[in-house]
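Please find below some notes for a colleague who is meeting this structure for the first time. They are set out as numbered points, to be read beside the sequence and the coordinates.

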Amino acid sequence: MITGSEMAVVDENAAAIGIPRKQLMESSGHAVARAVRDVADAGASVRVVAGRGNNGGDAFVAVRFLDDFDVTTSLLGRPETITTDIARENWDALAAGEYDTETVRDSSAFELDGPDVVVDAMLGTGIAGDLREPERTAAAAIDASDATVVSVDVPSGMDAERGVLAETAVEADRVVTFHDTKPGLADLDAEVTVADIGIPAAAERFVERGDLMRLDDRDPGSHKGQNGEVLVIGGGPYAGAPALSAKAALRAGADLVRVACPMVVGRELQGFGEDLIVRPYQGKQLEPKQVGYLLQMARHHDTVVIGPGLGDEEDTLEAVEGVLSGYSGTAVVDADALSRVPNVDTEADLICTPHQGEFAEMGGRVTDDWEQRTDIVERFAADLGQTVLVKGEYDVVSDGETTRVNRTGNAGMTVGGTGDVLAGITGALAATERPVHAAAMAVYANGKAGDRAYERRNNGLVATDLHEEIPAVLWTDRGGEA
Ligand SMILES: NC(=O)C1=CN([C@@H]2O[C@H](COP(=O)(O)OP(=O)(O)OC[C@H]3O[C@@H](n4cnc5c(N)ncnc54)[C@H](O)[C@@H]3O)[C@@H](O)[C@H]2O)[C@H](O)CC1
Ligand SMILES: [K+]
């Protein structure tokens, strides 16, 4: 099963791989035509009732495969208001091809003159909530008729995120849904078929720009703190690493980032930037006596990033174990902190970000074959009950169920500090997204930022170069179709 918004991610990933949405629409339309043939014989009268989105576009395609039926196509709304180029192109093709079409300007003009079959293509995965006019009146007329109703993707009025059917929704006899079934379809009193529309498996396996579409829904009315507060627990023997993480979290959209670090590196850390909020504690390195203080602070943050620059002193690692076992939120665990993950008993959701060497120390098996690595990491994550991101030329992310592979990044990124940047991005994204999605988007964005930096700096790129590239990768310049 896949939700409407995750379907949009896969769709955009398919486009990134080279299968444009219009090509998928052609397959969808063909599948709809096959369903019509299943429920009626050639010559039967078919009324296509289409909305102005891509759901309607699928039906316009279907019409071209139904020449031996008596088909009339009704567009609800003016052709100029069709919302996508590809749906409009398919509408224009019907008009230019002398197919029987009409446009319905307002609901009072909608009439259904007893067709054998209705193709319900008003609304698909793009909507939620009760139907508005003229769709509402059209749905009532469809439900009142004796026609066999074939719904495209979902019955119009069904929310494909949560599977809730609006009261005004169309009652389908048959649903042709695309690629995978959607929430709520199993509960319908209708025959549901899933049509393969030729989406490559790679569109779900590999992280691509479509994955970043999950970031599109930030509430414009949100205030400071609502888009993530991240606590970085790091520093001691090193001061640069936690600063790299914290700045990356800010560039990845977190509202507030605090760094808890030993007093000895507090000033140095603050010197790295006025955007950082430094919370120093007594001492030269993290020790078990700080656990209570850190846990109290962690409770007021959405996520914790623990590990960067902490070092591997026995006392420090014991404190790491204390923090992880007392914490119940989401934590990104990186660097030396990773060594304690296999021992720890915790209620927290952990996102572990080892490179291959650290993965081996955690008990994972290392291989150069990325396909083998996906199986290994998936099993390891399932056994651990946590999300694991193993870095490499092909990065592998898994929570034991969903397993993704990332191909961005380059050899220039073997320079120190790029892993700290990744941990920071992951912490920021995990404040609002599911762990496996946050890790997948973060590793894609980190690699993409590295690719952009590489264009300018070649093998001379350094980790701080990535910071300034992150916003463009995540929001402004990610490419793709409108
Ligand atoms: N990979 C795939 O699964 C493919 C699916 N395709 C089809 O595309 C639709 C989704 O299309 P989209 O353009 O995103 O949205 P819709 O057509 O569902 O509707 C958008 C349309 O509806 C208006 N609207 C929003 N809310 C309401 C409301 N409550 N009442 C009335 N109207 C509403 C909104 O303004 C828009 O105009 C998917 O289901 C598949 O059928 C593609 O073929 C590509 C492959
Ligand atoms: K529909």
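1. Helices α9 and α10 make a right-handed crossing. The model is a predicted one, and in it α9 comprises residues 291-298 while α10 comprises residues 314-326. Their axes come within 9 Å of each other and cross at roughly 40°. Angles between 35 and 65 degrees fall into the oblique class, and α9 and α10 are therefore described as oblique to each other.

2. The contact between these two helices involves V291, L294 and L295 on the α9 side, and A319, G322, V323 and G326 on the α10 side. By residue type, the contact of α9 with α10 consists of five nonpolar and two polar residues, with no charged ones.

3. A second helix pair deserves attention: α2, residues 21-39, packs on α3, residues 54-64. The angle here is about 65°, and the axes lie 7 Å apart. The crossing of α2 past α3 is right-handed.

4. Which residues of α2 and α3 meet? From α2 come M25, E26, S28, G29, H30, V32, A33 and V36, and from α3 come N54, G57, D58, A59, V61 and A62. The residues of this contact divide into seven nonpolar, five polar and two charged.

5. The unreviewed UniProt entry carries the annotation "binding site" for N55, D120 and S156. These positions are spread over 102 residues of sequence, yet they cluster in space, the largest C-alpha distance being 9.3 Å.

6. Of the annotated positions, N55 is placed in helix α3. Is N55 buried or exposed? A residue counts as buried when 20 or more other C-beta atoms lie within 10 Å of its own; N55 has 24 and is therefore buried. Leaving aside neighbours within four places in sequence, N55 is in contact with A121, M122, L123, G124, G126, V152 and D153.

7. D120 belongs to strand β4, which spans residues 117-121. D120 is buried because 34 other C-beta atoms lie within 10 Å. When residues up to four places away in sequence are not counted, D120 touches V49, I142, V149, V150, S151, V152, P155, S156, V170 and A172. One of these contacts, S156, is itself covered by the "binding site" annotation in the UniProt entry.

8. V152 may be a useful residue to locate in the display: V152 appears among the contacts of N55 and also among those of D120.

Note on methods: Residues numbered from 1 in each chain as written. Chains lettered and ligands numbered in written order. Predicted model: local features only at pLDDT ≥ 70, side-chain atom pairs only at ≥ 80, totals over all residues. Axes fitted to C-alpha atoms, helices over the stretch in contact; angles between N-to-C directions. Helix = DSSP H or I, 4+ residues; strand = E, 2+ residues; numbered from the N terminus. Left-handed = near helix turned anticlockwise from the far one by under 90°. Contact = placed C-beta atoms within 7 Å. Nonpolar A, V, L, I, M, F, W, Y, C, P; charged D, E, K, R; others polar. UniProt positions renumbered as here; feature names shortened; annotations may be inferred. Buried ≥ 20, exposed ≤ 12 C-beta atoms within 10 Å, placed from the backbone. Parallel < 35°, antiparallel > 145°, perpendicular 65-115°, else oblique.
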